[in-house]
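Work through the following exercises with the sequence and the coordinates open. Each task is followed by a solution in steps.

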Amino acid sequence: MSESVEERRGRAERLRDYFEVQLLFAERLADRTSRPISDVCLEFTNLHRRFGLGRVGGPGPAADWTRYSAGLERCKSASERLDWTVDFFSNAPSETGSNPRFGCFSYEGPTADGAIRIHFSNRDSEDGVGPLARAKADRRIADLGEMFGHVRTHHPKARSVLGGSWLYNLEAYCRLFPSEYVASRFLPDRVRLDGTSTWGQLLDFRERVKPAVRDAVLKNLDEIDAAEPWRAFPLRALRTQCDVEQFYRHYQV
C-alpha cells in the first residue's frame, strides 16, 4: 500500500534523526578521504535505497540521485544538508521491491549457483511491541515457513541460504532459524553500508533512532577508520550460509 502525501511527510520527519546520523557519518568520511560528500553518501549510507531508488547496480546510481547529490553539494551547512535530505525523501517514491514478501521476510534469488538470500524488515508493529518480540515468534516462524514453502515449490534448484545482517547478533532473531544456520555465523572481511544490514540497528520498531546506538556511532566518528568504517557501529553485520534442506526440515515444508 502506497503512502499518502501526509504519511510520507510525517515519516520523513520521523526519520530526520536517522538521516542526521547518516549525514554526519558521511561528512566525517568525506573529510577523511577528501571525496565529495555526495559520493560518500552513495557508498556508505542507505539514502539511495531510502529514496526508493533501489540498490546501486552496475550502471551506477538512479537518475534521481543526480538531482539529490547536486542539491547536497550546493548546501553550505550540515543543517541545510539535513533539511534537503528530509525534503527529498518527502517527495521520493516509497521503497518497493520485486522480491516475494512473506510477512516480515522476503528473499531474492536463486543465483546461478542456487543461492537464496533472505531479508527482514519491520512490518509488524501491532500491540505496541516489535516484530521480534517473544510473543510474536510464532508469527515470524509462520512467515518463514510460508516463504520456504514458496522457495521449494517455485525454485526446486535452490541449494543454499545466505544472510547478512546485524540482527544475527540477537537471540530474538536467531531463535527463528535452524540451528545449523545460526552456527554458520561469521564476521566478513568487508561490510557494505548502502543498505540496512548495518544501518538498521539505529532504528527501533517505530522508526525512531535508538539514543544509545546513535551516541555510540557519533562517539566513534572521532576515530573512524576510512578503510573499515563499519567498525564505528556497536554491532557488526554477520554473514550466514546453510544448505536449504535444513530450512525445509526445520519448517516442515
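Helices here are DSSP runs of H or I with at least four residues, numbered from the N terminus. The model is a predicted one.

**Exercise 1.** State which helix holds Arg 74, and decide whether Arg 74 is buried or exposed.

Solution.
- Step 1: Arg 74 lies in helix 5.
- Step 2: The cut-off for exposed is over 50% relative accessible area.
- Step 3: Arg 74 has a relative accessibility of 57%, so Arg 74 counts as exposed.
- Step 4: As a distance check, the C-alpha atoms of Arg 74 and Ser 125 are separated by 38 Å, with their positions 51 residues apart along the chain.

**Exercise 2.** Describe how helix 3 and helix 5 pack, and classify their angle.

Solution.
- Step 1: The two elements are helix 3 (residues 37-44) and helix 5 (residues 63-74); their axes are 9 Å apart and make an angle of about 130°.
- Step 2: Angles over 145 degrees count as roughly antiparallel, and 65 to 115 as roughly perpendicular.
- Step 3: Helix 3 and helix 5 are therefore oblique to each other.
- Step 4: On the helix 3 side the contact is made by Ile 37, Ser 38, Cys 41 and Leu 42, and on the helix 5 side by Trp 65, Ser 69, Leu 72 and Glu 73.
- Step 5: By class, the residues of this contact are five nonpolar, two polar and one charged.

**Exercise 3.** Give the strand order of the sheet, then find which helices pack on the sheet.

Solution.
- Step 1: The sheet is open, has five strands in the order 1-2-3-4-5, and is mixed in its pairing.
- Step 2: Strand 1 (101-102) and strand 5 (238-243) are the edges, each pairing on one side only.
- Step 3: Inside the sheet, strand 3 (residues 115-120) and strand 4 (residues 160-165) are parallel partners over three bridges, and Ala 115 is opposite Ser 160 of strand 4.
- Step 4: Helix 7 (residues 137-154) packs on the sheet, touching strands 1, 2, 3 and 4, and its direction makes about 25° with that of strand 2 (105-108).
- Step 5: Helix 12 (residues 244-251) also packs on the sheet, touching strand 4 and strand 5, at about 80° to the direction of strand 5.

**Exercise 4.** Follow helix 12 from its start to the residue after it: which residues are buried, and what do they pack against?

Solution.
- Step 1: At the start of helix 12, a side-chain oxygen of Asp 243 comes within 2.8 Å of the backbone nitrogen of Glu 245.
- Step 2: The buried residues of helix 12 are Val 244, Gln 246, Phe 247, Tyr 248 and Tyr 251.
- Step 3: Their packing partners are helix 7, strand 4, helix 9 (179-183) and strand 5.
- Step 4: Gln 252 follows helix 12 and has a positive phi, near 55°.

Notes
Residues numbered from 1 in each chain as written. Predicted model: local features only at pLDDT ≥ 70, side-chain atom pairs only at ≥ 80, totals over all residues. Heavy atoms only, no water. Pairing = 2+ DSSP bridges. Contact = heavy atoms within 4.5 Å. Axes fitted to C-alpha atoms, helices over the stretch in contact; angles between N-to-C directions. Parallel < 35°, antiparallel > 145°, perpendicular 65-115°, else oblique. Nonpolar A, V, L, I, M, F, W, Y, C, P; charged D, E, K, R; others polar. Buried < 20%, exposed > 50% of the residue type's maximum accessible area, 1.4 Å probe, protein only. Polar contact = N/O pair within 3.5 Å; in protein donor to acceptor, adjacent residues only side chain to side chain.
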